[in-house]
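Reader: I would like to learn how to read a few features of this model, one at a time. Could we take burial and the metal site before anything else?

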Amino acid sequence: MTKAIFIRNASQLVTLHGGSDAPRVKAEMSELGIIENGSVWIEDGVIQAVGTDEELAAKYANRLAEAELVDASGKLVTPGLVDPHTHLVHAGSRENEFNMRLQGKTYMEIMNAGGGIHATTRATKAASHEQLYKESYNRLNQFLRHGVTTVEAKSGYGMDWETELKQLEVAKELQEKHVVDVVSTFMGAHAVPKEYKENPDEFVRVLVEDLIPKVAELGLAEFNDVFCEHGVFTPEQSRVILEAGKRHGLIAKIHADEIEPYEGAELAAEVGAISADHLLKASEKGMKAMAEKGVVGVLLPGTAYFLMAESANGRKMIDLGVPVALSTDCNPGSSPTVSLPFIMSLGCLKMGMTPAEVITAATINAAHAINRGREIGSLEIGKKGDVTIFNIENYMKLQYSYGVNHTDTVVKNGRVVVKGGQLIEELSLS
Ligand code: NIG
Ligand code: FE
């Protein structure tokens, strides 16, 4: 049994209490449930009490000596941040394509010429399980250093059974061995492999009849995702792929309306997806359909920033009642970052969201986007002991003072894993 942890006297303790059953919408996204001079008692990996320091010091008066004390005075305390959309498990990087894009080539041109997702697929195919594990493990450490305690991870840099399986097995091993929680998504429908270029429907058939059933049977993923985009998978093909996943118990997710409007948001609502992600070019009709069905809009302003495109209209989505979450989209092509706090700044500056809304979007709503709203995303009794402490006094400063890693301490499952901005020794992979 681990020692109890007593986090004391935060200048602001952002609890986000009261949102575990459904993602938050509209004005609810601004209700942070802040406790000034707030404290949290965590034991057996679980939050046992939340309140003012005075209340908790009285409640645990005769147990103070046995707890590990974490002094949060002058600091901001939030639930551990949740990243609901990453391509964590991949090999290599694509700075050459970054350079090409700066000289005028587009993301889709590079992909259609055999680069882009295909380039990372080649690198991922060539990497051994151990190499892939090591690269991804180190990325998880970087996420943790930025205050992120749960990460969704997609496959999709294989698109054949062997490599998809390798990515999913790496994600599984990371979930077992790394302290950050890794939630797995199958994304065999990330691109059409070149051998199927002339007959993409045949690849859809392989996904539906072979890969999806195998992934589900092995229990290697909870979600099934598809890149629904002009020149990749059509809405019709995407529907077939997502419905097949549902028949096998995989919850639908979708990369929707990223580069061109393609009625991806509408499709997400129609198939009952848990989230529709990107949405830069989503139609108002699609947004309304998402709001009606409670589909979480996972917005990725880092991708728009990096692709030099206009961000999704987060403000409009919130006003229309879409529950909005934020994510890095961490991947080597369109968003090579692990800094969710930087993405939160972009949420304010590029999507018209308020600092309070982006906090909700990166915690409780992000948890709902990966079906974890009851376990994480808020500081409430019974939830996992996942807490991030930032070296700033209030929540607005997190977005205001951008591009700086303010993470001071991270508690994961009731254990201090980042201290003074540094990972604890045992997390380093030699
Ligand atoms: O979410 N849009 C499709 N997939 C990723 C990018 C993958 C890549 O370029 O390697 C995304 O942006
Ligand atoms: Fe993505």
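Reader: Is histidine 255 buried or exposed?

Author: The general idea is to compare the relative accessible area with a cut-off, and a residue under 20% counts as buried. In this model, which is predicted, histidine 255 has a relative accessible area of 3% and is therefore buried. Histidine 87 also counts as buried, at 3% relative accessibility.

Reader: Which protein atoms are the donors of the iron ion (ligand 2), and how are the donor residues spaced in sequence?

Author: One looks for protein atoms at short range from the metal and then asks where their residues fall along the chain. Here the donors of the iron ion (ligand 2) are NE2 of His85, NE2 of His87, NE2 of His255 and OD of Asp329, at 2.0 to 2.4 Å from the ion. The donor residues follow the spacing H-x1-H-x167-H-x73-D. Because histidine 87 sits in the loop between β8 (81–83) and α2 (95–102) while histidine 255 belongs to strand β12 (residues 251–256), this pair ties together parts that are 168 residues apart in sequence.

Reader: What ideal angles would I compare with at a metal?

Author: The ideal values are 109.5 degrees for four tetrahedral donors, and 90 or 180 degrees for six octahedral ones.

Reader: Which residues come nearest to ligand 1, and what polar contacts does the ligand have?

Author: Among the 15 residues around ligand 1, those that come nearest are Arg94, Tyr107, Tyr157, Glu258 and Ser334. For polar contacts one looks at pairs of N or O atoms: an oxygen atom of ligand 1 is 2.5 Å from a side-chain N or O atom of tyrosine 107, and an oxygen atom of the ligand is 2.9 Å from a side-chain N or O atom of aspartate 329. Two of the metal donors, His87 and Asp329, appear in this account too, since a polar side-chain atom of histidine 87 lies 3.3 Å from an oxygen atom of ligand 1.

Reader: Where does arginine 94 lie, and what is it in contact with?

Author: Arginine 94 is in the loop between β8 and α2, and with a relative accessible area of 6% it is buried. Neighbours within four places in sequence aside, its contacts are Tyr107, Gly116, Ile117, Ala119, Thr120, Pro332 and Gly333. In the case of glycine 116, the backbone oxygen lies 3.2 Å from a polar side-chain atom of arginine 94.

Reader: How should I read the length of a helix such as α7, and where is the kink in α7 centred?

Author: One compares an expected span with the distance between the end C-alpha atoms. For the 19 residues of α7 (residues 200–218), 1.5 Å a residue leads to an expected 27 Å, and the end C-alpha atoms are 26 Å apart, which agrees. Even so, α7 has a kink of about 40 degrees centred on leucine 207, and Leu207 is one of the buried residues of the helix. The buried residues of α7 pack against α6 (161–177), β10 (181–189), β11 (223–228) and α8 (235–247). Just after the helix, glycine 219 has a positive phi of about 65 degrees.

Reader: What sign of phi do most residues other than glycine have?

Author: Most of them have a negative phi. Leucine 16, although not a glycine, has a positive phi of about 55 degrees, and methionine 308 likewise has a positive phi, near 55 degrees. Leucine 16, in the loop between β2 (12–14) and β3 (34–35), is buried with a relative accessible area of 0%, whereas methionine 308, in the loop between α11 (301–306) and α12 (314–320), counts as exposed at 54%.

Terms used. Residues numbered from 1 in each chain as written. Chains lettered and ligands numbered in written order. Predicted model: local features only at pLDDT ≥ 70, side-chain atom pairs only at ≥ 80, totals over all residues. Heavy atoms only, no water. Helix = DSSP H or I, 4+ residues; strand = E, 2+ residues; numbered from the N terminus. Expected span 1.5 Å × (residues − 1). Bend = angle between axes of the 7 residues up to and from the residue. Buried < 20%, exposed > 50% of the residue type's maximum accessible area, 1.4 Å probe, protein only. Contact = heavy atoms within 4.5 Å. Donors = N, O, S within 2.8 Å, 3.2 Å for Na, K, Ca; no water. Polar contact = N/O pair within 3.5 Å; in protein donor to acceptor, adjacent residues only side chain to side chain. Near = heavy atom within 4 Å.
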